[in-house]
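Q: I would like to learn how to read a structure like this one, feature by feature. Where do we start?

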Amino acid sequence: MPSPPAFCSLRLLPGKTVAGLVALLFLAFSYWAVLLNSHEQQRQSLQKQTQLRVTQVAHVLANQVSMLFSSIDYATANFALAHAATELPAEERILASFARPPFDQAIAQVAIADAQGKIVYSSLAPHGQPQTTVLITDREHFLVHAEGRISGLYVGAPVLGRVSQQWTVQVSRALQRNGQFGGVLVISIPCDYLTSFFHDVFNQPNDVISLRRADGRFLARSLHPEQVLDRTGILDVATVLNASPSHGSAVAVSPVDQVQRLYAWEMVPQFGLRITAGVDQGAVLAPLEKSIHENLVFSAIGTLLGILGAALLAHFSVQRQRMIARLHLAQEQLAALVKRFPGGVVLEHPLEPEKITINPALTQLLHLPPGQKITRSMLLARIPEELQTVLLPTQPDVEAPQGEAVALSDGRVLEVVQFLLQTDQQALGRLSLVQDVTARHQRQTALEQLALTDALTGLPNRRAFMLALESECAAIRTQEAPEAALIFLDIDHFKRINDTYGHGVGDEVLNHLGQLLRQGLRTSDVPGRVGGEEFAILLPRTSLAQTQALAERLRQSLEQNPAPTSAGALEFRASFGICPLAGDEVDAALCLQRADMALYHAKNTGRNRVCTWHPNLQPR
Ligand SMILES: Nc1nc2c(ncn2[C@@H]2O[C@H](COP(=O)(O)OP(=O)(O)OP(=O)(O)O)[C@@H](O)[C@H]2O)c(=O)[nH]1
């Protein structure tokens with residue numbers, strides 16, 4: 001059968017399963033919404049923390065830079081005062097102080113230029129006296145003072161030392177002599193020294209700290225300083241973002257190396273400098289992104305497995321619904337059949353143990369109240385006891401032996417045939433067919449009786465007699481029965497009766513003999529007609545002497561009771577042969593043969609007499 005389209009399958013889903021699926025989808029949707037939101041919050045939280053850290057770093061560095069330049073400002077101002085007063089000893093002392101901490105690390109050179117721009121003192125020259133004439137009249141840090149553009153400390157742009165090939169920041173202050181411009185004090189701070197501050201603060205390869213003047217010129221940059229120290233016009237982050245130049249923080253792409261960073265900046269206003277710190281946003285978020293990625297992968301696998309499991313459950317649920325629907329249909333069809341069936345029918349239902357379906361014929365057969373709905377327990381209580389275990393066995397998957405006949409106390413015989421019905425390997429129930437087979441049973445019993453009975457005399461025939469004899473021999477062999485005996489008898493000259501009066505009269509004599517035997521025997525004795533005019537008698541629990549006495553009594557009874565025939569009363573005689581049945585090798589055929597030998601002996605020795613077998617007797 002082609003399978004129905006998918007929407008039909010969905011319609012087959014039970015309400016609970018649909019509700020479960022909807023709940024599962026809702027849960028999955030909610031889970032993902034919460035998960036993605038939590039990831040975004042983690043990112044934002046980490047970004048906030050990092051921004052705070054960068055802001056703190058920028059603030060601390062701004063303080064350090066401020067302290068450094070304040071110290072230099074203070075020291076150079078002192079020197080300028082001493083220089084103006086031509087206090088040479090004081091001047092030398094101050095110059096010497098630049099060679100002490102904290103300046104000895106920060107300052108590469110202290111130089112003094114005269115009013116014409118000629119270096120007259122250099123801390124790098126022996127005894128401070130330069131060997132060659134060095135002019136700085138072209139340098140900005142000389143010109144700003146010589147032209148009177150600035151009165152205090154001037155922080156110049158970095159210059160590449162002509163001899164040292166080292167980038168240094170020139171910090172300068174004008175010197176007065178006699179109230180006139182008398183030269184310039186120049187302090188050279190290596191850019192590397194400023195950079196060395198920053199290296200220990202951030203450790204990721206793309207993290208950066210830079211120190212710039214208000215006009216944007218770089219004084220130091222922890223990353224690739226050679227790319228920026230001699231350049232002008234590189235915008236800073238605050239300018240790019242149009243943010244406050246004094247302090248702030250933001251995510252921005254560096255105009256220098258195009259790396260996206262979390263930046264924070266702070267001005268050192270008294271010297272017109274700005275510290276900017278930036279950490280690589282990608283590197284900061286990388287561990288979190290890795291954990292989020294793993295989380296997403298596991299969640300996706302979990303969701304897929306959940307959806308797969310739900311789909312499988314729904315599939316099995318649809319299958320089960322279909323199976324139950326088919327089962328119900330089959331049961332309904334079966335119930336309709338049961339109702340119309342002419343015999344008695346009971347249908348038990350596997351899913352509902354108390355539910356049974358019976359048909360009107362069964363109601364009649366078992367004399368149940370008509371038109372009443374009946375349960376299994378009610379039926380059990382109303383049927384005869386002998387029928388209960390056969391018709392309604394306790395185990396649901398048991399079948400009664402095929403065609404089991406149950407004899408009821410009212411004389412009826414009911415036959416029960418049971419089947420366990422199945423469809424698609426699914427139990428449909430147990431079907432019991434009940435029939436009244438009393439008439440058939442009686443016929444069969446009669447037939448069985450006929451098959452074992454001699455029609456003329458009503459005695460057991462040869463087959464029935466031999467069965468009884470074999471059974472007795474078997475019991476004696478196993479010592480279940482004591483000794484017994486067998487008598488074999490034959491009417492003397494019976495041929496003459498037949499020949500004289502006809503075969504019918506002969507039959508009447510045979511019938512009369514049968515009646516005489518029956519009258520003269522115990523109920524436990526078994527007489528039988530084993531041949532035409534031959535009869536045999538099995539005498540259980542009888543000794544040889546008792547047998548001989550009985551045979552003699554029978555012989556006399558025959559002699560004294562002529563047969564009442566249509567040709568008148570006819571006298572007849574018979575000869576008897578006896579064989580005892582004893583021992584553990586006793587055999588029915590052998591005993592019959594021996595009794596026949598004894599009978600033959602009786603016939604040969606005068607007839608109308610009783611003889612007992614003994615080993616010397618000859619076979620016929
Ligand atoms: N009427 C009648 N005669 C039968 C039946 N069965 C066998 N007979 C006859 O029984 C006779 C047996 O004859 P035999 O075997 O010669 O024996 P007998 O005449 O009895 O002579 P002995 O046995 O030697 O005394 C035969 O005539 C058979 O036809 C039967 O069912 N009915």
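**Reading the sheets, a helix and the ligand shell**

A: Start with a helix packed on a sheet: helix α2 (residues 15-84) lies across β4 and β5 (180-190), and runs at about 30° to β4. Keep in mind throughout that this is a predicted model.

Q: In what order do the strands of the sheet with β4 and β5 stand, and how do they pair?
A: In general, strands of a sheet pair through backbone hydrogen bonds, either parallel or antiparallel. Here five strands form an open sheet in the order β2-β1-β5-β4-β3, with antiparallel pairing. The edges are β2 (119-122) and β3 (154-160); each has a single partner strand, so one side of each is left without a neighbour in the sheet. From one strand to the next, the twist averages 25°.

Q: How many bridges join β3 to β4?
A: Five bridges join β3 to β4 (residues 167-177), and the two run antiparallel. To find the register on screen, look for Val159, which stands opposite Thr168 in β4.

Q: What are the pairings of β1 with β5 and with β2?
A: β1 pairs with β5 in the antiparallel sense over five bridges. Ile112 stands opposite Leu185 in β5. Three bridges join β1 to β2, again antiparallel, and the bridge partner of Ala113 in β2 is Ile119. The hairpin of β1 and β2 has five residues between the strands, and Gly117 there takes a positive phi near 85°.

Q: Are the residues of β1 buried or exposed?
A: Check both faces of a strand before deciding. Strand β1 (residues 109-113) is mostly covered, with five of its five residues buried. Gln109, Ala111 and Ala113 point one way, while Val110 and Ile112 point the other way, and all are buried.

Q: What is the strand order in the sheet that contains β16?
A: That open sheet has five strands in the order β17-β18-β16-β21-β22, and its pairing is mixed. The edge strands, β17 (526-529) and β22 (610-612), each pair on one side only. Neighbouring strands are turned by 20° against each other on average, direction ignored. Within the sheet, six bridges join β16 to β18 (residues 534-539) in antiparallel fashion; the bridge partner of Phe488 in β18 is Ala536.

Q: Which strands does helix α16 lie across?
A: Helix α16 (residues 544-560) lies across β16, β18, β21 (574-581) and β22, and its angle to β21 is about 165°.

Q: Which residues come nearest to the ligand?
A: Begin with the residues, then ask which elements supply them. Of the 15 residues around the ligand, Asp492, Phe494, Lys495, Gly506 and Gly532 come nearest. The elements that give two or more residues to this shell are β16 (484-491), α14 (494-501) and α15 (503-519). α15 gives the most, with four residues.

Q: How many residues of each class are in the shell around the ligand?
A: The shell has three nonpolar, five polar and seven charged residues.

Q: Where does the UniProt annotation place a "transmembrane region"?
A: An annotation comes from a record, and can be set beside the model. The unreviewed UniProt entry puts "transmembrane region" at residues 12-34 and 296-318. In the model, residues 296-318 are 100% helix and 0% strand, and the end C-alpha atoms of that span lie 32 Å apart.

Key. Residues are numbered from 1 along each chain as its sequence is written. This is a predicted model: local features need pLDDT of at least 70, side-chain atom pairs count only at pLDDT 80 or more; totals for chains, interfaces and linings use all residues. UniProt positions are given in the numbering used here, feature names are shortened, and annotations may be inferred rather than shown by experiment. Two strands pair if DSSP finds at least two bridges between them. Axes are lines fitted to C-alpha atoms, for helices over the stretch in contact, and angles run from 0 to 180 degrees between N-to-C directions. Two residues are in contact if their C-beta atoms, placed from the backbone, lie within 7 Å. A residue is buried if 20 or more other C-beta atoms lie within 10 Å of its own, exposed if 12 or fewer, and partly exposed in between; C-beta atoms are placed from the backbone. A residue is near a molecule or strand if its C-beta atom, placed from the backbone, lies within 6 Å of it. Ala, Val, Leu, Ile, Met, Phe, Trp, Tyr, Cys and Pro count as nonpolar, Asp, Glu, Lys and Arg as charged, and the others, Gly among them, as polar.
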